[in-house]
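Reader: I am new to this structure and would like to know what the terms used for it rest on. Please take them one at a time.

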Amino acid sequence: MAADIVYLNGEFMPLAEARIPVLDRGFIFGDGVYEVVPVYSRHPFRLGEHLRRLQYSLDAIRLSNPLRDEEWTKLISEIIARNSGDDQAVYFQVTRGAAPRAHEFPAVVKPTVFMMSNAMKTPPREQVEQGVACITASDLRWLKCDIKSVSLLGNCLAKQLAVDAGAVEVVMFRDGYLTEASASNVFVVRDGVLLTPPKNHLILPGITYDVVLELAAANKIPCAVREVSEQEVKTAQEIWVTSSTKEVLAVTTLDGRAVGSGKPGAVFRRMHALYQEFKQTVMRRAA
Ligand SMILES: Cc1ncc(COP(=O)(O)O)c(C=O)c1O
């Protein structure tokens, strides 16, 4: 099977042959949105939810959806089939398309639709068992973090701070309250209660965030969705980051200091097991 087959504006082709015009507004202005769907055993996980979030992002930037959900679903199946590996991360993005450079939206323009599949890299066993290091920083991004925009400079700058410090993620605060990490949502455990900030314009409404809250509710893990102060994060017994590719990962040091015992906590271990079990059940049903 050929490797790295991508989809661009109606055609499948090798990645190395995919070309877009330099005046594409995604390139010039970051004027576009995207999604990443995890694929396990060749089945997309929570695809309906990812397509709903794509629609939300498109509506937020006033770009009409170039494809119906059935068309997206078919394309995603096709890209999975054309690429190797049972577990994949399917990335798809829509930009406003190519037009002479001007900030305002062009009157007539055809959106650019791009899709690719990467090998799915869930955290290695060692990270799951030992947890990971994170640092903290001020959230310097814009006020529309609920849009899954390709304008990711704020997130890239934040992530690089973490990498420079030998950490995996950066936990961010705005006005003294937790928002999220550069490419994940954040949960903390205090006195046995799972806490996470509410979905609003300051965070991306994570698909994994929803799964974690559903699993907590279904398994009677006490949880509260509310503002979480910086102080509460820094003195929490457990901190987790969640995303489609990281799944649920324990943070065991924050700014070089141990979180709780310095080992992944009991609530994390329970949630990690529940998440793996849930994934398996969903995939078995899809098979
Ligand atoms: C900024 C940000 N927050 C949260 C998430 C987690 O979202 P999801 O669980 O849908 O992958 C991501 C995922 O890439 C992200 O980039």
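Author: A term first: Asp, Glu, Lys and Arg count as charged, and Gly is among those that count as polar. The model is predicted. By these classes, the shell around the ligand has four nonpolar, nine polar and three charged residues.

Reader: What makes a residue part of the group that surrounds the ligand?

Author: One of its heavy atoms must lie within 4 Å of the ligand. The ligand is surrounded by 16 residues, and Arg 53, Glu 180, Ile 207, Thr 208 and Ser 244 are the closest.

Reader: Why is the pair formed by Thr 208 and an oxygen atom of the ligand called a polar contact?

Author: The side chain of Thr 208 has an N or O atom 2.6 Å from an oxygen atom of the ligand. The limit is 3.5 Å, so this pair is a polar contact. For Arg 53 the distance is 2.8 Å, and for a polar side-chain atom of Lys 148 it is 3.3 Å; both are within 3.5 Å, so they are polar contacts too.

Reader: How much of the ligand's accessible area does the protein cover?

Author: On its own the ligand has 390 Å² of accessible area, and the protein covers 91% of that.

Reader: Which pocket does the ligand take up?

Author: The ligand takes the space of the largest pocket, which holds about 1,100 Å³. The lining has 45 residues, with Lys 148 and Tyr 34 among the closest to the centre.

Reader: Which element gives the most to that lining?

Author: Helix 5 does, with five residues.

Terms used:
Residues numbered from 1 in each chain as written. Predicted model: local features only at pLDDT ≥ 70, side-chain atom pairs only at ≥ 80, totals over all residues. Heavy atoms only, no water. Polar contact = N/O pair within 3.5 Å; in protein donor to acceptor, adjacent residues only side chain to side chain. Areas by Shrake-Rupley, 256 points an atom, 1.4 Å probe, with all protein chains shown as cover. 1 Å grid on protein atoms, 1.4 Å probe; cavity = no way out; pocket = protein on both sides within 12 Å on 5 of 7 lines; lining within 4 Å. Sits in = over half its atoms within 2 Å of the grid points. Points joined across faces, edges and corners; volume = space filled by probe spheres on them. Helix = DSSP H or I, 4+ residues; strand = E, 2+ residues; numbered from the N terminus.
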